[in-house]
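User: I am new to this structure and would be grateful for a close look at a single part of it. Please describe the helix that contributes to the core and the charged pairs around it, and then place that part within the rest of the chain.

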Amino acid sequence: MRHTPVTRPLQRLFAGLAIVIVALLTSCTSPAWSPPPPTAPTGEHELTRGDVEAWLDGAVPTALAQGKVPGAVVAVVKDGEVLTTRGYGYADLGSEGTEPVPVDPEKHMFRWGSISKIPTSIAVMQLVEQGKVDLDADI
């Protein structure tokens, strides 16, 4: 085939378009981009009540919604002192025709039930590690 002065630029244009189309198609089928995992800050930062409350206010409502949990009380203890106590959601949804009652951390208590076995077993094993409890001793 004889190349005329007009066909050479058209061939380059079509080749460029083909490259762009292939690039677009391959980018559409690649997995979604995800940001790199966050890195821990360097240095020390004193844990403050404001830090904890900001984190809880951002995380707990989402967790309650995802777990379809109506309400919760969260207490954070640091160095043997209560750093903060927060209430989220509702203690009573008003299902019997009454107004919903928001959780008040000073007023409402949620019983642990079977979930208490997990922190209890962790606490016992920590005492075993410290030599304060002997699992083979009689109770």
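Analyst: In what follows, two residues are in contact when heavy atoms of theirs lie within 4.5 Å. The model is predicted, and the account below should be read accordingly.

A short outline of the chain comes before the close view. The chain has 3 helices and 3 strands, and from the N terminus on their order is α-α-β-β-β-α. Of its 139 residues, 11% are buried. Among contacts with a separation of 6 or more, 33% join residues 24 or more positions apart. The accessible surface is about 12000 Å², and carbon and sulfur atoms account for 62% of that area.

The part to examine is helix α2, which covers residues 49–67. A suitable starting point is Leu56. Apart from neighbours within four places in sequence, Leu56 is in contact with Pro61, Val74, Val76, Thr84, Arg86 and Tyr88. Leu56 also belongs to the largest nonpolar core, which has 9 residues in all: Val52, Leu56, Val60, Leu64, Ala72, Val74, Val76, Leu83 and Tyr88. Two or more residues of this core come from each of α2, β1 (71–78) and β2 (81–92). The largest share, 4 residues, is that of α2. In soluble globular proteins, nonpolar side chains tend to be buried together.

The charged residues of the same helix come next. Side chains of opposite charge can pair when their charged atoms come close. The structure holds 4 salt bridges. One of them joins Arg49 to Glu53, with 2.7 Å between the closest N and O atoms. Both residues belong to α2 and stand 4 residues apart, about one turn of the helix. An α-helix has 3.6 residues a turn, so residues three or four places apart point the same way. The two partners differ in exposure: Arg49 is partly exposed, with a relative accessible area of 48%, whereas Glu53 has a value of 15% and is therefore buried, the limit being under 20%.

Glu53 has a further partner, Arg86, and here the closest N and O atoms are 3.7 Å apart. This pair links distant parts of the chain, for Arg86 is in strand β2 and Glu53 in helix α2, 33 residues apart. With 23% relative accessibility, Arg86 counts as partly exposed. Arg86 also forms a salt bridge with Asp57, where the closest N and O atoms are 2.6 Å apart. Because Asp57 lies in helix α2 and Arg86 in strand β2, this pair ties together parts that are 29 residues apart in sequence. Asp57 is partly exposed, at 36% relative accessibility. Through shared partners, the salt bridges join Arg49, Glu53, Asp57 and Arg86 into one network. Arg86 thus appears twice in this account, as a partner in the network and as a contact of Leu56.

Beyond the helix, two loops deserve attention. Lys68 lies in the loop between α2 and β1. Its phi is positive, about 55°, although Lys68 is not a glycine. Lys68 is exposed, with 76% relative accessibility. Asp79, in the loop between β1 and β2, also has a positive phi, near 55°, and is a residue other than glycine. Asp79 is exposed, at 73% relative accessible area.

Further along the chain, His108 sits in the loop between β3 (101–102) and α3 (117–129). With a relative accessibility of 19%, His108 counts as buried. Leaving aside neighbours within four places in sequence, its contacts are Val73, Ala91, Val101, Pro102 and Val103.

The final helix completes the view. α3 consists of 13 residues and spans 18 Å from its first C-alpha to its last, close to the 18 Å expected at 1.5 Å a residue. Gly131 follows α3 and has a positive phi, near 80°. A nonpolar patch on the surface is formed by Val124, Met125, Leu127, Val133 and Leu135, with about 380 Å² of accessible area together. Of these residues, Val133 lies in the segment after α3 and counts as partly exposed, at 32% relative accessibility.

How values were computed
Residues numbered from 1 in each chain as written. Predicted model: local features only at pLDDT ≥ 70, side-chain atom pairs only at ≥ 80, totals over all residues. Heavy atoms only, no water. Buried < 20%, exposed > 50% of the residue type's maximum accessible area, 1.4 Å probe, protein only. Areas by Shrake-Rupley, 256 points an atom, 1.4 Å probe, with all protein chains shown as cover. Core = buried A, V, L, I, M, F, W, Y, C linked by side-chain atoms within 4.5 Å. Salt bridge = Lys/Arg side-chain N within 4 Å of Asp/Glu carboxyl O. Expected span 1.5 Å × (residues − 1). Patch = residues over 30% accessible without salt bridge, like charges linked within 9 Å, V, L, I, M, F, W, Y side chains within 5 Å.
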